[in-house]
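Here is a short briefing on a predicted model. Please keep the sequence and the 3D view open while you read.

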Amino acid sequence: MVGDVVTDVVARHRKPLARATDTAARIRTLPGGAGANAACWAAYTGLADVRLLARVGVEAGAWHEQHLRRAGVRPQIVLDGEAATATVISLVDAAAERTFLTDSGAALRLSPGDWSCALLDGVGNLHLSGYLFFAGTSRETAGLAVRAARERGVTVSVDPASAGFIAELGVDRFLEAVAGADVLLPNEDEARLLTGLPDTGDAAAKLSRHFPLVAVTLGSGGALLAAGGEVRHRVPAVPAEAVDTTGAGDAFAGGFLAARLGGADDAGALAAGCRAGARAVTLVGGRPPLP
């Protein structure tokens, strides 16, 4: 995993936000980040060797490294003495839907000098958080990692991460940056944005003409998988009582990739991803329970 480590401030409010005054909420500060969450879920769902390269501020580096190690992840943390750790305020409403306020901080300062091809030794898949593609320095680093993986015959997966940030960067620029990936893991909003198609199945099919495998999460609708220009599999969601949807897509990515690397077929990996996503929404924050 190459991605982001983030300090999440999760605020669960049962009533709509009251502008210019107080709104009662239950607030917790937790470790998060799309890349870090996916890494933790991959370890939680069975992978014995999960590594994560990320950049964090010195003020929280030890705290994040401790949590990653307890989750079974081997962190390759680069400490940044100039920028603070990325922070996300996650506003979670009564329907468990989350809205993010994001300060990317040190996360998008991951530089080519932080990368080493030795990180790929013995690796079966390189996974990239889409957040890396939204800043010049981290985008260059992500491209370097993709080229190194391709040269070694290591498959590459990408989670687009944010429809809002893709729209700011531009769809064409994003697709150009992630070219060469073997697996794309968008949610339905991202899939529609990347293709301009209103139907998620059609969007997934179109994307699979450019990426060999496309797995799209559909929230309470489950997930679907497309390959070769057509939808091949659909899996229903696993019933769950949601309290916080933060990190559900990260959990899906971790579970899906762990299952594939463990030998599951496409349908089996899709179902494993849905199981992880369903477990994630029953928890506050984006991480699985610590052992």
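Leu224 touches a long list of residues beyond its sequence neighbours, up to four places away being left out. Among them are Thr200, Gly201, Ala204 and Val214. The place of Leu224 is in strand β11, residues 223–227. The model is predicted.

**Leu224 and its surroundings**

- Leu224 has a relative accessible area of 0%, so it is buried.
- Its contacts also include Ala215, Val216 and Leu218.
- Further along the chain, Leu224 touches Val231, His233, Arg234 and Leu270.
- Arg74 is 150 residues from Leu224 in sequence. In space, the two C-alpha atoms are 30 Å apart.

**The six-stranded sheet**

- Strand β11 belongs to an open sheet of 6 strands. The order is β7-β8-β9-β10-β11-β12, and the pairing is mixed.
- At the edges are β7 (125–129) and β12 (230–235), each of which pairs on one side only.
- Strands β7 and β8 (residues 155–159) run parallel and are joined by 5 bridges.
- Within that pair, Ser129 has Asp159 in β8 as its bridge partner.
- Helix α9 lies across β10 (213–217), β11 and β12. It runs at about 45° to β12.

**Helices α8 and α9**

- Helix α9 spans residues 266–280, and its axis comes within 7 Å of the axis of α8. The two cross at roughly 145°.
- The crossing of α8 and α9 is right-handed.
- On the α8 side, the contact is made by Ala248, Ala251, Phe252, Gly255, Phe256, Ala259 and Arg260.
- On the α9 side, the contact residues include Asp266, Ala269, Leu270, Ala272 and Gly273. Cys274, Ala276, Gly277 and Ala280 of α9 also take part.
- By class, the residues of the α8 contact with α9 are 11 nonpolar, 3 polar and 2 charged.
- Leu270 of α9 takes part in this contact, and Leu270 also touches Leu224.

**Helices α1 and α8**

- Helix α1 (residues 34–44) packs against helix α8 (residues 248–261) at an angle of about 45°. Their axes are 7 Å apart.
- That angle makes α1 oblique to α8.
- The crossing of α1 and α8 is right-handed.
- From α1, the residues in contact are Ala34, Asn37, Ala38, Trp41 and Ala42. They meet Asp250, Ala251, Ala253, Gly254 and Ala258 in α8.
- The residues of this contact divide into 7 nonpolar, 2 polar and 1 charged.
- Ala251 of α8 appears in the contact with α1 and in the contact with α9.

**The four-stranded sheet**

- A second topic is an open sheet of 4 strands in the order β2-β1-β5-β6, with mixed pairing.
- Strands β2 and β6 (98–103) are the edges, and each pairs on one side only.
- From one strand to the next, the twist averages 20°.
- Strands of a sheet pair through backbone hydrogen bonds, either parallel or antiparallel.
- Strand β1 (residues 6–12) is mostly covered, with 6 of its 7 residues buried.
- β1 pairs with β2 (residues 26–32) in the antiparallel sense over 7 bridges. There, Val9 has Thr29 in β2 as its bridge partner.
- β1 and β5 (residues 86–92) run parallel, joined by 7 bridges. Arg12 stands opposite Val92 in β5.
- β5 and β6 run antiparallel, joined by 6 bridges. Leu91 has Thr99 in β6 as its bridge partner, and Ile89 stands opposite Leu101 in β6.
- β5 and β6 form a hairpin with 5 residues between them. In the turn, Ala96 has a positive phi of about 75°.

**His67 in helix α2**

- Where does His67 lie? It lies in helix α2.
- Is His67 buried or exposed? His67 counts as buried, because its relative accessibility is 17% and the cut-off for buried is under 20%.
- Apart from residues up to four places away in sequence, His67 touches Pro31, Arg287 and Leu290.
- Pro31 falls within the residues 26–32 of strand β2.

Technical notes
Residues numbered from 1 in each chain as written. Predicted model: local features only at pLDDT ≥ 70, side-chain atom pairs only at ≥ 80, totals over all residues. Heavy atoms only, no water. Axes fitted to C-alpha atoms, helices over the stretch in contact; angles between N-to-C directions. Parallel < 35°, antiparallel > 145°, perpendicular 65-115°, else oblique. Left-handed = near helix turned anticlockwise from the far one by under 90°. Contact = heavy atoms within 4.5 Å. Nonpolar A, V, L, I, M, F, W, Y, C, P; charged D, E, K, R; others polar. Buried < 20%, exposed > 50% of the residue type's maximum accessible area, 1.4 Å probe, protein only. Pairing = 2+ DSSP bridges.
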